[in-house]
Amino acid sequence: MSGLIVGLGEAMVLFQPADLLPLEECATASVHVAGAELNLLAAAARAGARAAFCSRVGDDPFGRRVVAAAEGLGVAAGLVAVDGTRPTGVFVKDVRPDGARRVHYYRAGSAASALDEADADRALAAGPDLVAVSGLTAALGDGPRRAVLRLAREAHARGIPVAVDPNLRPGLDAAGVVTALLPLTAYLLLGMDEAVPLFGTDDPGEVFARAKAGGVREVVLKAGADGCWHDGDTPAHLPTAAVRVVDPVGAGDAFAGAYLAARLAGTGPRGAALLGTRFAARVVASAGDTEGLPAPAEVAAMLAEAG
């Protein structure tokens with residue numbers, strides 16, 4: 001049986017212009033479900049891992065939509081608690097005139113903003129083979145921060161690998177929490193833009209050295225159009241596999257999920273990174289965070305290549 005990855009975080013309903021025009025001008029919007037940890041878990045499930053999402057949603061149509069979407073992506077939603085006093089969060093993706101995306105969040109007071117240590121305990125009770133957390137969740141408030149830290153500390157104490165994606169966001173101070181997580185981290189998957197806030201440099205060799213000096217076992221540095229660096233005798237570079245970019249949002253999550261699923265299945269760092277780049281390339285070629293994930297039949301060929 002494949003390994004179980006449990007991710008703790010928030011998923012929300014996403015609205016984005018259906019005609020790819022700016023919000024001020026669009027006539028219609030499409031409705032999706034997304035969130036960093038759910039995106040990661042969806043990619044991990046598509047790559048062959050068992051995946052379960054631990055979160056909270058409101059007792060509302062959006063909450064039910066989140067649960068249904070998770071299950072539709074192959075991610076177990078039995079660890080999602082329903083909060084009858086708080087709503088499910090919502091966010092909106094804007095398309096700027098230059099093609100860039102900007103995301104606006106409406107998550108204050110959401111059900112997932114009330115995550116706490118009891119949610120971490122529920123995640124651990126599922127018997128995960130790996131847990132995935134992010135700085136983004138830890139930045140949602142004191143309760144989510146406690147949940148992330150408890151899950152990482154308890155998992156580490158039990159010998160369960162901890163994967164950390166910093167997911168640093170402007171206006172959300174999570175660098176301190178991510179630094180505190182480093183000694184507990186088996187897999188650190190960070191973006192090039194997160195390297196300087198965390199380590200004071202974006203030189204791959206220095207980033208890897210400083211992360212490992214902080215206690216991290218394995219590092220991946222995601223560099224968008226420049227591909228990624230993965231662990232080896234020295235940081236090894238892989239170019240991007242993307243040939244068409246429609247929407248870059250969600251690519252890092254897809255990479256991380258595929259990478260972790262491959263590593264959990266016994267694939268080495270290079271093969272796991274190769275699979276991650278393939279998943280990321282498919283996601284950026286489509287609008288939406290998970291719509292571009294490769295079909296199961298395609299994944300088999302990708303896994304054979306990653307081997």
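User: In what kind of crossing does H9 pass H10?

Analyst: In this predicted model, the crossing in which H9 passes H10 is right-handed. Their axes lie 7 Å apart, at an angle of about 150 degrees.

User: How do you know which residues make the contact between H9 and H10?

Analyst: The test is heavy atoms within 4.5 Å. On the H9 side, Ala 251, Ala 254, Phe 255, Ala 258, Tyr 259, Ala 262 and Arg 263 take part, and the H10 partners include Pro 269, Leu 275, Phe 279 and Val 284. By class, this contact has 14 nonpolar, two polar and one charged residues. Arg 263 counts as the charged one, because Arg belongs to that class.

User: And what name does the angle between H9 and H10 earn?

Analyst: Angles over 145 degrees count as roughly antiparallel. H9 and H10 pack at about 150 degrees, so the pair is roughly antiparallel.

User: Why is H1 called oblique to H9?

Analyst: The axes of H1 (residues 36–46) and H9 (residues 251–264) cross at roughly 45 degrees and come within 7 Å. That value is neither under 35 nor within 65 to 115 nor over 145, so H1 is oblique to H9. The crossing of H1 past H9 is right-handed.

User: Which residues of H1 and H9 meet?

Analyst: H1 brings Ala 36, Asn 39, Leu 40, Ala 43 and Ala 44, and they meet H9 residues including Asp 253, Ala 254, Gly 257 and Leu 260. By class, that contact holds nine nonpolar, two polar and one charged residues. Asn 39 and Gly 257 count as polar here, because neither Asn nor Gly is listed as nonpolar or charged.

User: What makes up the contact of H3 with H5?

Analyst: Glu 117, Ala 120, Asp 121, Ala 123 and Leu 124 of H3 meet Arg 146, Ala 147, Arg 150, Leu 151, Glu 154 and Ala 155 of H5. These divide into six nonpolar, no polar and five charged residues. The axes of H3 and H5 come within 7 Å, crossing at roughly 35 degrees, and the crossing is right-handed.

User: How many cavities of 30 Å³ or more does the count come to?

Analyst: The count comes to one. The largest cavity has a volume of about 50 Å³, so it passes the 30 Å³ cut-off.

User: What lines the largest cavity?

Analyst: Among its lining residues are Gly 7, Ala 36, Glu 37, Leu 40, Val 133, Asp 165 and Asp 253. H1 and strand E8 (130–134) each supply at least two of the lining residues. By class, the lining has four nonpolar, three polar and three charged residues.

User: What makes a pocket something other than a cavity, and how much space lies in the largest pocket?

Analyst: A probe of 1.4 Å cannot get out of a cavity, while a pocket is an open set. About 1,200 Å³ of space lies in the largest pocket. It is lined by 47 residues, and Pro 248, Val 249, Gly 250, Ala 251 and Gly 252 lie nearest its centre. H1, H9 and H10 are among the elements that each supply at least two lining residues. By class, the lining has 24 nonpolar, 11 polar and 12 charged residues.

Methods. Residues numbered from 1 in each chain as written. Predicted model: local features only at pLDDT ≥ 70, side-chain atom pairs only at ≥ 80, totals over all residues. Heavy atoms only, no water. Axes fitted to C-alpha atoms, helices over the stretch in contact; angles between N-to-C directions. Helix = DSSP H or I, 4+ residues; strand = E, 2+ residues; numbered from the N terminus. Left-handed = near helix turned anticlockwise from the far one by under 90°. 1 Å grid on protein atoms, 1.4 Å probe; cavity = no way out; pocket = protein on both sides within 12 Å on 5 of 7 lines; lining within 4 Å. Points joined across faces, edges and corners; volume = space filled by probe spheres on them.
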